[in-house]
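Hi,

As promised, here is the structure for you to open on your side. My notes on the ligand site follow below.

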Amino acid sequence: MDSIAIELRGIDKSFGPVHANKNINLKVRKGTIHGVIGENGAGKSTLMSILYGFYQADSGEIHVDGRQVTIRDPNAAIAAGIGMVHQHFMLVENFTVLENIMLGAEESQILNKGIAKARDELKRLEREYALEVNPDAVIEELPVGLQQRVEILKALYRRADILILDEPTGVLTPAEADHLFRVLEQLKSQGKTIILITHKLREIMAITDEVSVMRRGEMVATRTTAETSVEELAELMVGRRVLLRVEKGEAKPADVKLSVNGLTVKDSRGVTMVDNVSFNLRAGEIVGIAGVAGNGQSELLEAISGIRRAVSGEVHLNGKAIDVTGHVDPRELRDRGLAHVPEDRHHVGLVLKFEECENAILGYHHDKRYLNGVFLNVDAIRKDAEQRIAEYDIRPPNARLKTANFSGGNQQKIVLAREMERGPDVLIIGQPTRGVDVGAIEFIHKRIIEMRDQGKAVLLVSVELDEIRALSDRILVMFAGRVVGERDPDATEGELGLLMAGVEGRKEAAE
Amino acid sequence: MSNPYAKLPGWVEYGLVPLVNLAVAFLVAGLVVLLVGENPLEAAYHLINGAFGRGEYIGFTLYYATTFIFTGLAVAVAFHAGLFNIGGEGQAYVGGIGVALACLWLDQTMPWFVVFPLAIIGSALFGAAWAFLPGWLQAKRGSHIVITTIMFNFIASSLMVYLLTRVLKPLGSMSPQTRTFAEGGQLPKLDWLLGIFGLDIGTAPFNVSFLLALVAAFGVWLLIWRTKLGYEMRTMGHSPSAARYAGMSESRITVITMMISGALAGMMALNPIMGEQGRMQLDFVQGAGFVGIAVALMGRSHPAGIIPAAVLFGVLYQGGAEISFEMPSISRDMIVIIQGLVILFAGALENMFRPAITRLFSTSSRRAAVVAQTKGA
Ligand SMILES: Nc1ncnc2c1ncn2[C@@H]1O[C@H](COP(=O)(O)OP(=O)(O)OP(=O)(O)O)[C@@H](O)[C@H]1O
Ligand SMILES: [Mg+2]
């Protein structure tokens, strides 16, 4: 039927000078999957945080099932039947699944009774929605896909009828994402209402019934998914036509800039993560490393950039060896022309509590132009940051804003600007567009190709196969720590997919 | 994004919230006073009067504050690099050796303004040396700094007993202390500073090391927010993985930070040794190293917060002494309870009233927004 599960009327919210939500109206029909898309910083997470009681709207009304409600905090949201799975999970890492699910919903002071009941209830939910997970597993030992499942179970356990998911697939492997969508379909068929925020228009087309588009704090359109297209949505989001696949010319590979020989890396528990990997990277080419997350790509990048020590192997940068098995100073590598955009921008690439301009010099703070003797040249740092902000269209354009207050895509631009700006010989990039909107993806992809055309060597790691295929001149596929194959960018998705799953690879390696 | 507290205006964040916390601490302290059958208003009167009632009292309050500024800064510097230096007590104690050596050496031949700079360097060096070892152990051996600095407090205490009973004590004296310094080993009082306000300093030992403390506070601000080293310290304090990525050496920063922290703690020794007693006695630190932790917490590790927090604790020390003097049933321990309550509410329970205040503010600013809208229409 056409009943409305959630209606937002005239929601308005500002953070100081930033007007994050402007007079937003939104209707979500019961029993549907409703997509919300928009550029980075458009205000999607803010709107959902208001609905979930994390923030208070400055003005406006929230109606749930036709009744107006005041949602002062997340408890009130839960009471109104709203559950949320956040962009960054909110689980207690060293608790078990069951303990996490019960947390805050223990029901009585004596845990034993509650535990037995919770266990039964959890079993029922698992059966009903095909959400298997071992209730006694400790969270930190679970892969992200399963952690997310726990977040969903947590919401269902609290009897949520309306489920908000903020960029749920950003961290998932394709297989995990597929499973998630099957779960969402299942939930929908049980009459639950789902709001899905994502940057991946393909997902929107595949699973949603309706989709709403936000731009710069405003709700600009709502479409029935079946009657729209990826192109139209992209244009609505950005306000202009977007190239979903950036043009690029022939590569002109020249000298070898980075050569990796028999590199082997183990993690802290002694498990081999990178197994005897060798390849060359030339000036003027982009080499993409494809693979399902967790097959050693992260460790490979860390070893090359000097953050993690390798067990054996050799790496040469510009013909000179890097002591990857001994002590490497990342600063020295930067001086020698290697720049690194790390995969984890929140913990590695940025200090979220710093002002934007402070992050803009991270790793380059030895540079003479930022220093007066031992003192920081604050004026030069800010001026430089402002210039970078203008060039990379970082929003809001405020070099003194705390980095945590930028949206995900803009945070990524801060890192990219910092690492690309100085024209390094070799650029290694992990997940350049994770959580980044289509407009910014176009921008970032263009920049990466520009770097290549200027004769720089680019090593790209991404779990997005589309991205690897769009950018790379050569594709290496990693599986279980080894390079199991090399392909041209026009290799079919199916072929690469099989390699990534380790199916083809074993045959090839055996030959 | 996960921060459930909206951002508050500066004056609320740094003014109202601490004041509310402080008010509650005093309310609860008042209840405790009631419990022992005394009049809390009378106690409050003695506290305020004892701290500010006369020029002399103010002099004492500021004398204590000077000590706490040094130890508060010491803790704050380490905090910024993510290190919890609990060893201020021991570092200040050992710092005293540097002061005593400079004074014993030159007090009879040189004026104070020659001895003072040497004593500053001496106290800083000895304090830094005492903090170097825990820093080095953490950097190279992974021994946790909280544990090692506590142990070093005990070692410092034994070491000083040994030195003051065997080495630095003049022959034939019965008390564990150095000889009394000649004029060159005693700092001039800041009677003229209080004189500007028409106050008479009386016997209060308020001395030039207060000015040094202010300079140190400014120096710490410069160090943390305006130098490359400070930038590296803050990076490490917020995110060790980002520091590694940026090529900062964790062990180098740990050792240097601890030495700076120890030097600041060591400089505290100038105030009681050269500024008050004119000799080094057993136990001259008297817990100031630990008070520094509370001061740094309350002052949010920012010099501009540490100075008022140190003055507050100066008030509690000086006014508290007055309470126990005037109201005998309130013992010295009672004063410690009150100080503990302040630490509890201003430090540990800092966020207790924040949600309520935040709510108050978001509703009032919403109303203001509505008013502005209707006006605009
Ligand atoms: N706590 C905050 N303080 C100040 N500004 C904020 C805060 N949270 C968000 N903003 C700003 O509000 C705007 C909207 O941010 P929001 O996180 O809602 O964007 P988003 O659409 O979710 O973006 P993304 O797709 O990158 O996650 C941005 O300009 C952001 O910088
Ligand atoms: Mg978001």
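In this predicted model, the side chain of A:Glu167 has an N or O atom 3.5 Å from an oxygen atom of ligand 1. Two glycines come in through their backbones instead: a backbone N or O atom of A:Gly41 lies 2.8 Å from an oxygen atom of the ligand, and for A:Gly408 the distance from a backbone N or O atom to a ligand oxygen is 3.1 Å. On its own, ligand 1 exposes 640 Å², and the protein buries 90% of that area.

Which elements of chain A give two or more residues to the shell around ligand 1? They are strand 2 (18–29), helix 1 (44–51) and helix 14 (408–421). Helix 1 of chain A gives the most, with 3 residues.

In total, 22 residues surround the ligand, and the closest are A:Asn40, A:Lys44, A:Ser45, A:Thr46 and A:Asn405. If you are thinking about the chemistry of the lining, the shell divides into 11 polar, 8 nonpolar and 3 charged residues.

Two points on where the site sits. Within chain A, both domain 1 (4–238) and domain 2 (256–510) give residues to the shell, so ligand 1 lies between these domains. The surrounding residues also come from chains A and B, so the site is shared between chains. Please keep both chains loaded when you look at it.

Happy to talk it through whenever suits you.

Best wishes

Note on methods. Residues numbered from 1 in each chain as written. Chains lettered and ligands numbered in written order. Predicted model: local features only at pLDDT ≥ 70, side-chain atom pairs only at ≥ 80, totals over all residues. Heavy atoms only, no water. Near = heavy atom within 4 Å. Polar contact = N/O pair within 3.5 Å; in protein donor to acceptor, adjacent residues only side chain to side chain. Areas by Shrake-Rupley, 256 points an atom, 1.4 Å probe, with all protein chains shown as cover. Helix = DSSP H or I, 4+ residues; strand = E, 2+ residues; numbered from the N terminus. Nonpolar A, V, L, I, M, F, W, Y, C, P; charged D, E, K, R; others polar. Domains from an automatic or database assignment.
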